[in-house]
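Okay, thanks for having me. I'd like to walk you through one model today, so let me put it up on the screen.

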Amino acid sequence: MDIFLVEDSAAIRRLLAARLDTLPGARVIGEAEGAPQAIALIDWLQPATVLLDMNLAIGTGLDVLRELRRRGYKGRILMLSQQSAELYRDLCIKAGADGFYDKGSGMETLFSDLDELMQSERAAGRQTRMSPLLRDTVTGLLGQVALLERLDQVLRVLRVDAQPVVVVVVVLRGLQSLLLSHGPAATAPMLVELGQRLKACTGESDLLARHADEQFALVVSRVASASEADALARRLTESLSQPFQLAGRPLMLHCSVGVAVYPRDAISARGLLNLAESRAHGESLPADGSAVVH
């Protein structure tokens, strides 16, 4: 079950994510602390379930609930609140919520209900299976599944001191059409050069992966500040903006870079990747949703 967390407190998001990790089949794929970001990311990712707090950094949970339903979001929305249940439950249900849970006394009921829902999904065979691909066969870079597993391991180690981790997603538009038009043999040298340029911008301890057909992801765990992350993004953009060679002719690819920083922006592996991906795409988000395995 793909779950999106909307909660203004990073500490509470961390606790929710840790508890959801214990439920077989639960996957936190995104996070937001305010209404605008929550609406944009949920509209794009289309998760199966949204856990939505009433009090947010910007706007309210009720704002998000109403706007998502207005946009036609069909997923499950479960409201969380420390306010009086009698005051807000009926209001939220009428606005389209599927459930309402008191954050003080109803959290175990929430997790129990989610567990039952996922057991039903497993029985019906509706849960998504992740691809077993661990490495991209052309570039030799990590595949998406291996990247998610290793990023999750890095975050588990660093949760004690909350040291910054930078996740960068690089989108090279037009790459997939070139692969289809010229074939694997002709494009293989260009892909190898692409991987070499990416590696030249990273350190030995950094993780680098082919994130999707036109996307690459980089995880840097040794950064002192967000400004270092911005500098890394500039280096990547400058390197990939230089022409490649394809069949003996120079070729330019349009490059865009998105950055997300742990724990400032998100605390889960998929949350960081999806946020960096959305920032790389900017206003032209993928029509079919995220490339991250859900």
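**Helix pairs, cores and a few odd backbones**

So, let's start with a helix pair: α1 and α5 cross in a right-handed way. And yes, before anyone asks, this is a predicted model. The residues touching there are L16, R19 and L20 from α1, and M107, E108, F111 and L114 from α5. If you sort that set by class, you get 5 nonpolar, no polar and 2 charged. As for the geometry, α1 covers residues 10-20 and α5 covers residues 107-124, and their axes come within 11 Å, crossing at roughly 40°. The cut-off for roughly parallel is under 35 degrees, and therefore α1 and α5 get called oblique to each other.

Now the other pair I picked. Helix α7, residues 175-200, packs on helix α8, residues 226-240, with the axes 9 Å apart and an angle of about 150°. Anything over 145 counts as roughly antiparallel, so that's the label α7 gets relative to α8. The crossing of α7 past α8 is right-handed. On the α7 side the contact uses L194, R197 and L198, and on the α8 side L236, S239 and L240. The class split for α7 with α8 is 4 nonpolar, 1 polar and 1 charged.

Let me zoom out for a second. How many helices and strands does the protein have? The secondary structure comes to 9 helices and 11 strands. The chain has 294 residues, and 51% of them count as buried. If you take contacts between residues at least 6 apart in sequence, 68% of those join residues at least 24 apart.

Okay, cores. As background, nonpolar side chains in soluble globular proteins tend to be buried together. Here, the largest nonpolar core has 70 residues, and the members that touch the most others are L20, L52, L65, M79, L110 and L273. Which helix gives the largest share of this core? That's α2, residues 35-45, with 7 residues. There's also another core, apart from that one, with 30 residues, including V168, V170, L218 and A233.

L20 is worth a second look, by the way: L20 is on that list of most-connected core members, and L20 also sits in the α1–α5 contact. L273 is another one to click on. Skip the neighbours within four places in sequence, and L273 contacts L147, L148, L151, V167, V169, H211, A217 and V292.

Back to α2. Its buried residues are A35, A38, I39, L41, I42, W44 and L45. And what's covering them? The cover includes strands β1 (2-6), β2 (27-32) and β3 (49-53), plus helices α3 and α9, the latter spanning 269-281.

α3 itself, residues 61-70, is where you'll find R66. Buried or exposed, what would you guess for R66? R66 has 44% relative accessibility, so R66 lands in the partly exposed class. Leaving out neighbours within four places in sequence, R66 touches L91 and A95. R66 and K94 are 28 residues apart along the chain, and their C-alphas are 9.8 Å apart in space.

Last bit, the backbone oddities, since I know some of you like looking at torsions. The usual picture is that most residues other than glycine have a negative phi, and most peptide bonds are trans. Just after α2 comes Q46, with a positive phi of about 50°, and Q46 isn't a glycine. Q46 sits in the loop between α2 and β3. With a relative accessible area of 42%, Q46 counts as partly exposed.

Then there's A247, also not a glycine, with a positive phi of about 55°. A247 is in the loop between β9, residues 244-246, and β10, residues 249-251. A247 has 66% relative accessibility, so A247 counts as exposed.

And which peptide bond is cis? The one from Y262 to P263, where omega is near 0°. P263 lies in the loop between β11, residues 254-262, and α9. That's the α9 we met a minute ago as part of the cover over the buried side of α2.

That's my tour. Happy to rotate the model if anyone wants another look.

Technical notes: Residues are numbered from 1 along each chain as its sequence is written. This is a predicted model: local features need pLDDT of at least 70, side-chain atom pairs count only at pLDDT 80 or more; totals for chains, interfaces and linings use all residues. Side-chain values use heavy atoms; hydrogens and water are left out. Axes are lines fitted to C-alpha atoms, for helices over the stretch in contact, and angles run from 0 to 180 degrees between N-to-C directions. Helices (H or I, at least four residues) and strands (E, at least two) are DSSP runs, numbered from the N terminus. Angles under 35 degrees count as roughly parallel, over 145 as roughly antiparallel, 65 to 115 as roughly perpendicular and the rest as oblique. A crossing is left-handed if the near helix is turned anticlockwise from the far one by less than a right angle, and right-handed if clockwise. Contact means heavy atoms within 4.5 Å. Ala, Val, Leu, Ile, Met, Phe, Trp, Tyr, Cys and Pro count as nonpolar, Asp, Glu, Lys and Arg as charged, and the others, Gly among them, as polar. A nonpolar core is a set of buried Ala, Val, Leu, Ile, Met, Phe, Trp, Tyr and Cys residues joined through side-chain atoms within 4.5 Å. Buried means under 20% relative accessible area, exposed over 50%, partly exposed in between (1.4 Å probe, protein chains only).
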